[in-house]
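Student: Got a minute to go through this one with me? I'd like to start with the strands and then look at a side chain.
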Amino acid sequence: MGKLISGWKKAVFWDPDSGDAVQVNTLSTEHSSFEPAIIKNETPTGSAFGGRRIPLVVGFLDSDGIPQLETWMEGNTPVRSAVYARAGKQIIFQESEEIAVVPGYGISMRNGADVHRAEMEVLGENPDVVQKQNVAEAIEFTANVGDIILPISGITWTVAADYTTADGNLVVTAYDYSDGVVATSSQALSAGRVSTGITAPAGTWRIEIDLVDTGASVPSNVSMRADGNAEYVNY
């Protein structure tokens, strides 16, 4: 199956147009892979860059979401996906692509359970796929506020930034598809590095970060990590 990702713990697939989402919480790393590749076009003078191919294969044991996954596949419905890793880089497909699903694809070598398989890929010169340990590196902030669609629950995100003064609050809020608040966390600012954590509950659709709520402090080195670490990294 190619490169195995031992740190993968959860995955989610969602339709951005309807708000429907399927989360799988028991992954099979022996049946999963992620191998980005460069596409080369052959020319009379050699090979030329032709873009990138980013395939995602997720092996999982949960069967509850298979009917919805098959509905998307049979209807050629483009969906998006994300994979949560306890440590290392998070993977977020921010482009919609069709999905292929194979129920009962294999058997888990660990416990003999049926393994199902979902796969999708994006192609292009610069596919919009986040591969970051620090998810904040993929968020565009305007007036110190930014958000990211990430409908995966049961994960605690640690958000942190460096501040010049103790003026304002760091606020992180989880919203559902209808833009209702499902969880929020706030921490008063101080000079130095400030962090707060939020655990995304069921129904989470997007995470919004307000770096300086009701204040005028200047933030820098923003991080949003799933490994419990508040340290800034740019990858």
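Student: What stands opposite Val12 in strand 6?
Tutor: Ala82 does. Keep in mind that this is a predicted model.

Student: How many bridges do strand 1 and strand 6 share, and is the pairing parallel or antiparallel?
Tutor: Six bridges, in the antiparallel sense, with strand 6 covering residues 79–85.

Student: What packs on the sheet there?
Tutor: Helix 1, residues 66–74. Helix 1 touches strand 1, strand 2 and strand 6, and its direction makes about 130° with that of strand 2.

Student: OK, zooming out. What's the strand order in the five-stranded sheet?
Tutor: The order is 2-1-6-7-10, in an open sheet with antiparallel pairing.

Student: Why is one side of strand 2 and of strand 10 left without a neighbour in the sheet?
Tutor: Because strand 2 (21–24) and strand 10 (129–132) stand at the edges, and each has a single partner strand.

Student: And the twist?
Tutor: From one strand to the next, the twist averages 10°.

Student: Switching to Lys10. Where does Lys10 sit, and is this residue buried or exposed?
Tutor: Lys10 is in strand 1, residues 8–14, and is buried.

Student: Which side chain of opposite charge is nearest to Lys10?
Tutor: Asp62, but Asp62 is 8.0 Å away and Lys10 has no salt bridge.

Student: So what polar contact does the Lys10 side chain make?
Tutor: One with the side chain of Asn25, at 3.4 Å.

Student: Which other residues does Lys10 touch, leaving out those up to four places away in sequence?
Tutor: Among them are Gln23, Val24, Leu27, Ala82, Tyr84 and Ile152. Ala82 is also the residue opposite Val12.

Methods:
Residues are numbered from 1 along each chain as its sequence is written. This is a predicted model: local features need pLDDT of at least 70, side-chain atom pairs count only at pLDDT 80 or more; totals for chains, interfaces and linings use all residues. Side-chain values use heavy atoms; hydrogens and water are left out. Helices (H or I, at least four residues) and strands (E, at least two) are DSSP runs, numbered from the N terminus. Buried means under 20% relative accessible area, exposed over 50%, partly exposed in between (1.4 Å probe, protein chains only). Lys and Arg count as positive and Asp and Glu as negative; His and the chain ends are not counted. A salt bridge is a side-chain nitrogen of Lys or Arg within 4 Å of a carboxyl oxygen of Asp or Glu. A polar contact is a pair of N or O atoms within 3.5 Å; within protein, one must be able to donate a hydrogen and the other to accept it, and residues adjacent in sequence count only if both atoms are side-chain atoms. Contact means heavy atoms within 4.5 Å. Two strands pair if DSSP finds at least two bridges between them. Axes are lines fitted to C-alpha atoms, for helices over the stretch in contact, and angles run from 0 to 180 degrees between N-to-C directions.
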